[in-house]
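User: I have a model open on my screen and would like to go through it with you. Could you take my questions as they come?

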2 protein chains.
Amino acid sequence: MQKGRATTKASTTPVTIHDVAARAGVAISSISRVLSGHPDVSERMRVKVLKAADDLGYEPDFFAQSLRSGATKTIGFIIRDISNPFFGVIAQCCEQVLRKAGYSMLLMNSDGDVATENTNISQLRRRKIDGLIASLVSEDVPELQSALEKLNAPVVLLDRELIGFNSSAILTNHHQGIEDATSDLISRGHTRIAFISGSTRVYTTRDRLKGFKSAYKKAGVAYPTDLVSLGKFDAEFGESETKRLFTLKDRPTALISGGIGSTAGSMRGLKKLGLVPGKDLAFIAIDEWPMFDVFGQQYSSVYRDAAMIGREAAAALLEMMNGGSPRTIVVETAYIVRESSAGGLKAKKK
Amino acid sequence: MQKGRATTKASTTPVTIHDVAARAGVAISSISRVLSGHPDVSERMRVKVLKAADDLGYEPDFFAQSLRSGATKTIGFIIRDISNPFFGVIAQCCEQVLRKAGYSMLLMNSDGDVATENTNISQLRRRKIDGLIASLVSEDVPELQSALEKLNAPVVLLDRELIGFNSSAILTNHHQGIEDATSDLISRGHTRIAFISGSTRVYTTRDRLKGFKSAYKKAGVAYPTDLVSLGKFDAEFGESETKRLFTLKDRPTALISGGIGSTAGSMRGLKKLGLVPGKDLAFIAIDEWPMFDVFGQQYSSVYRDAAMIGREAAAALLEMMNGGSPRTIVVETAYIVRESSAGGLKAKKK
DNA sequence: CTCGTTTCTGGAAACGTTTCTATTTTATGC
DNA sequence: GCATAAAATAGAAACGTTTCCAGAAACGAG
């Protein structure tokens, strides 16, 4: 049930630069010059060409342009999982900034899988992207660095450190926020604080752990190595580890868990154990997410600004694509105290 | 601080089909035939070419392929706002399915703005996408339909009805879930139920309203027109309208609000008014989001499966791109009763 | 052995641009 | 009015593929 092709003649055969040249009665090179803003163009020519292009509704073919010029005006965006609202905010802000600069964004989920991530990078290389923004699954994959180098395009890493690789990075000062949070719990009398986070193969987790340890050190107390559980970023891991830790003989009295997937898992685990944050234990979430103010209002958190991370990442990439040099930006975190920082100690005293 | 170019010779000059042809000592057309699986190829040639391609690490140039063949293996994905977790889940599932079929996804936010959406569509047309999945801002934009037609590619619409336009659509049966929810509230004794949703210029809102009206009709009661507020999908609208409705002289005793942005706004508004869902009013959210089970556990909802919507959309698009015809799929909703369905009536009796 | 098919291969023409080079036109200074 | 430089234009060669076409090689059948 196709629409009659006579009605919309534009859709039948796309109009090319040749058509415009024929209509204006000039060479195709002149069309290109006018449209790309080349300086050596007379006013008479400019008017004539623009008129012809407008009459015909000419739109340059993207692939032909890219093939010839080498620039694709396309950037790649690789993350673990776009359904994670934290990444969603980052992606949104990146896309908005990049779009305004004339770039389009290819989105790819790595599903937390190194092999998928590698495939994605290859795919983006074949598509000759002008730049890449990525939150990588792991920092210590041997072939990763050379895969990124082969892209031959500027790279902005989100919360990752690839030593020896010349990229921009938007890092987060996790350790300060976590240290503040941990110190607060210690000052309230906690010693057995559980700490759940993702893989130690990324900066994120290492920097968080650094803050956790540092708080204990400042308090002059050894940190509870048996309560630190680092492994994966997903909810399943957070849930099972929470269950395991909170059924130990010497049960923890507090829990710091993050990022978002991990927190969700921990909450599920606690719920199943019948433990209530702010009462049966002190609880601090790492990272907030949309609507935290209404749905997580009782939960303390270590907060960071996802929108800023997105904007800074896009800005850093644009700068590099315009010939600027890579830079590292550190986004701060803040420990936000709410109701759930209380609780957990009664059980200890009993 | 560039790496020495001698070390990684691959990165200096990309290897083309000509290099492979030279190495194998055959014509470039033979390379193309082997690699594209053309039947008329001898075994000897196949082995020779594959070896040469492998030796050189040859990867076909994407743009050259697209320019010549016309297929871009790229699909466009336009939504209001990827930071909305509901869209995040849809996007994730779409991308996963499409990636496995060899397609990449260009993500664009329309920011709820008709003009931006139109610009995005033009951009995607110039990029000659093979297909489009879109959640449009509004159905009754005059030039929208012709803009989509000019794409010359199959389109899958998310929760939108564009009459006379030949596309697939993944619709949601909103009205059933909303009707069930509303009926439940009515049977509990409510008559003054507030209803907040987005623009009536899209199917989503109209179908929700249909369910709301239908419940009242079945109860034989006129529905409260002064308590229905339809306008925008964002949190600001939800918040201001909630405040307005719940400060009316004849205050509503219950609230149904959605989608996610609207719900968040409503929750904020109620919080500022000091009204507690499940106590001072009955409250039902339209749409759930990640972690609803732990953070929204007391809230009743009208639920639908975002992951399924994403998968179905991708599947429908793939089918159309393979020559199949458009189809319409309807995803069901379910009213899920939780604590917040109670409350609100004491105030009335007083 | 020759002829007609079939199978395979090479050469070249596209695809729609940008950009290089050469040529023509216009402007400038004397 | 003429030489010279500068500005504007046309023409053609790229970019890296796919695909069409023609011809070569292989293969049976008579």
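Analyst: The answers below go through the chains, the DNA surfaces and some local details.

User: What should I know about the model and its numbering before we start?

Analyst: This is a predicted model, in which local features need pLDDT of at least 70 and side-chain atom pairs count only at pLDDT 80 or more, while totals for chains, interfaces and linings use all residues. Residues are numbered from 1 along each chain as its sequence is written, and chains are lettered from A and ligands numbered from 1 in the order in which they are written.

User: How many helices and strands does chain A have?

Analyst: Chain A has 15 helices and 12 strands. Helices (H or I, at least four residues) and strands (E, at least two) are DSSP runs, numbered from the N terminus.

User: Is chain A compact or spread out?

Analyst: Chain A is more spread out than a compact globule, because its radius of gyration is 27 Å, well over the 20 Å that the globule rule gives for 350 residues. The radius is taken over C-alpha atoms, and the rule is 2.2 Å times the number of residues to the power 0.38. Along the principal axes, the C-alpha atoms of chain A fill a box of roughly 95 × 50 × 35 Å.

User: What percentage of chain A is buried?

Analyst: Of its 350 residues, 47% count as buried. A residue is buried if 20 or more other C-beta atoms lie within 10 Å of its own, exposed if 12 or fewer, and partly exposed in between, with C-beta atoms placed from the backbone.

User: Turning to the DNA, which residues are closest to strand C?

Analyst: The closest are A:Ile17, A:Ser29, A:Ser32, B:Ala27 and B:Ser29, out of 28 residues that surround DNA strand C. A residue is near a strand if its C-beta atom, placed from the backbone, lies within 6 Å of it.

User: Which element gives the most to that surface near DNA strand C?

Analyst: That is α3(A), with six residues. The elements that supply at least two residues each are α3 (28–36) and α5 (62–69) of chain A together with α3 (28–35), α4 (43–56) and α5 (62–69) of chain B. By class, the surface near DNA strand C divides into 13 nonpolar, nine polar and six charged residues. Ala, Val, Leu, Ile, Met, Phe, Trp, Tyr, Cys and Pro count as nonpolar, Asp, Glu, Lys and Arg as charged, and the others, Gly among them, as polar.

User: And which residues come nearest to DNA strand D?

Analyst: A:Ser29, A:Met45, B:Ile17, B:Ser29 and B:Ser32 come nearest, among the 28 residues around DNA strand D. Two or more residues come from each of α3, α4 (43–56) and α5 of chain A, and from α3 and α5 of chain B.

User: How many residues does each chain bring to the contact between A and B?

Analyst: Chain B and chain A bring 47 residues each. Residues are in contact if their C-beta atoms, placed from the backbone, lie within 7 Å. On the side of chain B that touches chain A, the largest share, eight residues, comes from α6(B). That side of chain B has 20 nonpolar, 14 polar and 13 charged residues.

User: How do the β2 strands of the two chains run?

Analyst: Strand β2 of chain A (residues 104–109) and β2(B) run antiparallel, joined by three bridges. A:Leu106 stands opposite B:Leu106 there. Strands pair if DSSP finds at least two bridges between them.

User: Within chain A, which residues of β6 are buried on each side?

Analyst: A:Ile193, A:Phe195 and A:Ser197 are buried on one side of β6(A), and A:Ala194 and A:Ile196 on the other. Strand β6(A) covers residues 193–197. In a regular strand the side chains alternate between the two faces of the sheet.

User: Which strands pair with β6(A)?

Analyst: β6(A) pairs in the parallel sense with strand β8 (residues 254–258) of chain A over four bridges, where A:Ala194 stands opposite A:Leu255. Three bridges also join β6(A) to the parallel strand β7 (residues 228–230) of chain A, and A:Ser197 has A:Leu230 as its bridge partner there.

User: Where are the cis peptide bonds at Gly258 and Gly259?

Analyst: One joins A:Gly258 and A:Gly259, with omega about -5 degrees. Another joins B:Gly258 and B:Gly259, with omega about 0 degrees. A:Gly259 lies in the loop between β8 and α12 (260–273) of chain A.

User: Is B:Asp159 buried or exposed?

Analyst: B:Asp159 counts as buried because it has 20 C-beta neighbours inside 10 Å. B:Asp159 has a positive phi of about 60 degrees although it is not a glycine, and its place is in the loop between β4 (155–158) and β5 (168–173) of chain B.

Technical notes: Two residues are in contact if their C-beta atoms, placed from the backbone, lie within 7 Å.
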